[in-house]
Amino acid sequence: MSRRIFRYVAFSIVQDVTAEPEYAARCVSGDESECGAESGVGHHPAEVEEWQRKHTQETRHVRYRRNFADYAVMEPPDGLPVGLQPARVARVRA
Ligand SMILES: [Zn+2]
């Protein structure tokens, strides 16, 4: 395993807008064992909330575990993609 030390760069952590965030919920209602019904993955919280309302209406289950996932990218302050040295960028543009 090699370990390289890079110069310090004050990266910003930003949400990757090219990948949709993911929302999901699982019903964890139940005394001894949880229900386990799952909403499936949606790309908007409203889809999952709608599923929860419907499930609660049908079952009177009221407790859910919610998952949220998104993708993040590290953006250097000068806007250059990570790994692209200024000299190499200049060569590409030439
Ligand atoms: Zn349930």
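A salt bridge here is a side-chain nitrogen of Lys or Arg within 4 Å of a carboxyl oxygen of Asp or Glu. Keep that cut-off in hand: a search of the whole structure finds two salt bridges, and both are stops on this tour. The model is predicted.

**Start with the whole chain**

Colour by secondary structure. The protein chain has two helices and four strands. Trace them from the N terminus and the order reads β-β-α-β-β-α. Now switch on the surface. The accessible surface comes to about 8,100 Å², and carbon and sulfur atoms account for 50% of it. Of the 94 residues, 15% count as buried. Contacts reach along the sequence: among those between residues at least 6 apart, 55% join residues at least 24 apart.

**Select the zinc ion**

Show the side chains around the metal. Which protein atoms are the donors of the zinc ion? They are Cys27 (SG), Cys35 (SG), His55 (NE2) and His61 (ND1), and they lie 2.0 to 2.4 Å from the ion. Along the chain, the donors follow the spacing C-x7-C-x19-H-x5-H.

Pick out Cys27 and His61. This pair links distant parts of the chain, 34 residues apart. Cys27 belongs to strand β2 (residues 22–27), while His61 sits in the loop between α1 (45–59) and β3 (64–69).

Why is the arrangement of the four donor atoms called tetrahedral? The angles they subtend around the zinc ion run from 107 to 112°. For four donors, the tetrahedral label requires all angles to lie between 85 and 135 degrees, so the site qualifies.

Check the cover on two of the donors. Cys27 is buried, at a relative accessible area of 0%. His61 is partly exposed, at 24%.

**Stay in the loop between α1 and β3**

Select Arg60, in the loop between α1 and β3. Its phi is near 65°, a positive value in a residue other than glycine. Most residues other than glycine have a negative phi. Arg60 counts as exposed, at 62% relative accessibility.

Move on to Arg63, placed in that loop between α1 and β3. Arg63 is exposed as well, with 57% relative accessibility. What does Arg63 touch, not counting residues up to four places away in sequence? Its contacts are Arg26, Cys27, Val28 and Ser29; Cys27 is one of the zinc donors. Draw a distance from Arg63 to Ala25: their C-alpha atoms are separated by 9.9 Å, with the two positions 38 residues apart along the chain.

**Step into helix α1**

Select Gln52, found in helix α1. Is Gln52 buried or exposed? It is buried, with a relative accessible area of 14%, because that value falls under the 20% cut-off. Leaving out residues up to four places away in sequence, Gln52 touches Ala25, Tyr64 and Arg66.

**Find the two salt bridges**

Side chains of opposite charge can pair when their charged atoms come close.

Select Arg26 and Glu34 for one of the pairs. Their closest N and O atoms are 3.0 Å apart. Arg26 is partly exposed, at 25% relative accessibility. Glu34 is partly exposed too, with a relative accessible area of 39%.

Then go to Lys54 and Glu58. Their side chains meet in a salt bridge at 3.6 Å, N to O. The two residues are four apart in helix α1, which means that about one helical turn separates them. Lys54 and Glu58 are both exposed.

**Finish at strand β4**

Select Phe11, Ile13 and Met74 and show their surface. Together they make a nonpolar surface patch of about 300 Å². Met74 is found in strand β4 (residues 72–75) and counts as partly exposed, at 43% relative accessibility.

Last, select Ala72, in strand β4. Ala72 is exposed, with a relative accessible area of 52%. Which residues does Ala72 touch, not counting those up to four places away in sequence? They are Ile13, Val14, Gln15 and Asp16, and Ile13 is also part of the nonpolar patch. Add one more distance, from Ala72 to Ala19. Their C-alpha atoms are 9.1 Å from each other, though the residues are 53 apart along the chain.

Notes: Residues are numbered from 1 along each chain as its sequence is written. This is a predicted model: local features need pLDDT of at least 70, side-chain atom pairs count only at pLDDT 80 or more; totals for chains, interfaces and linings use all residues. Side-chain values use heavy atoms; hydrogens and water are left out. Buried means under 20% relative accessible area, exposed over 50%, partly exposed in between (1.4 Å probe, protein chains only). Contact means heavy atoms within 4.5 Å. Accessible areas come from the Shrake-Rupley method with a 1.4 Å probe; for residues, only the protein chains shown count as cover. Donors are N, O and S atoms within 2.8 Å of the metal (3.2 Å for Na, K and Ca); water is not among the atoms, so sites may look incomplete. Four donors count as tetrahedral if all angles lie between 85 and 135 degrees; four count as square planar and six as octahedral if opposite donors are over 155 degrees apart and all others between 65 and 115; anything else is irregular. Patches are made of residues with over 30% relative accessible area and no salt bridge: like charges are joined within 9 Å, nonpolar side chains (Val, Leu, Ile, Met, Phe, Trp, Tyr) within 5 Å.
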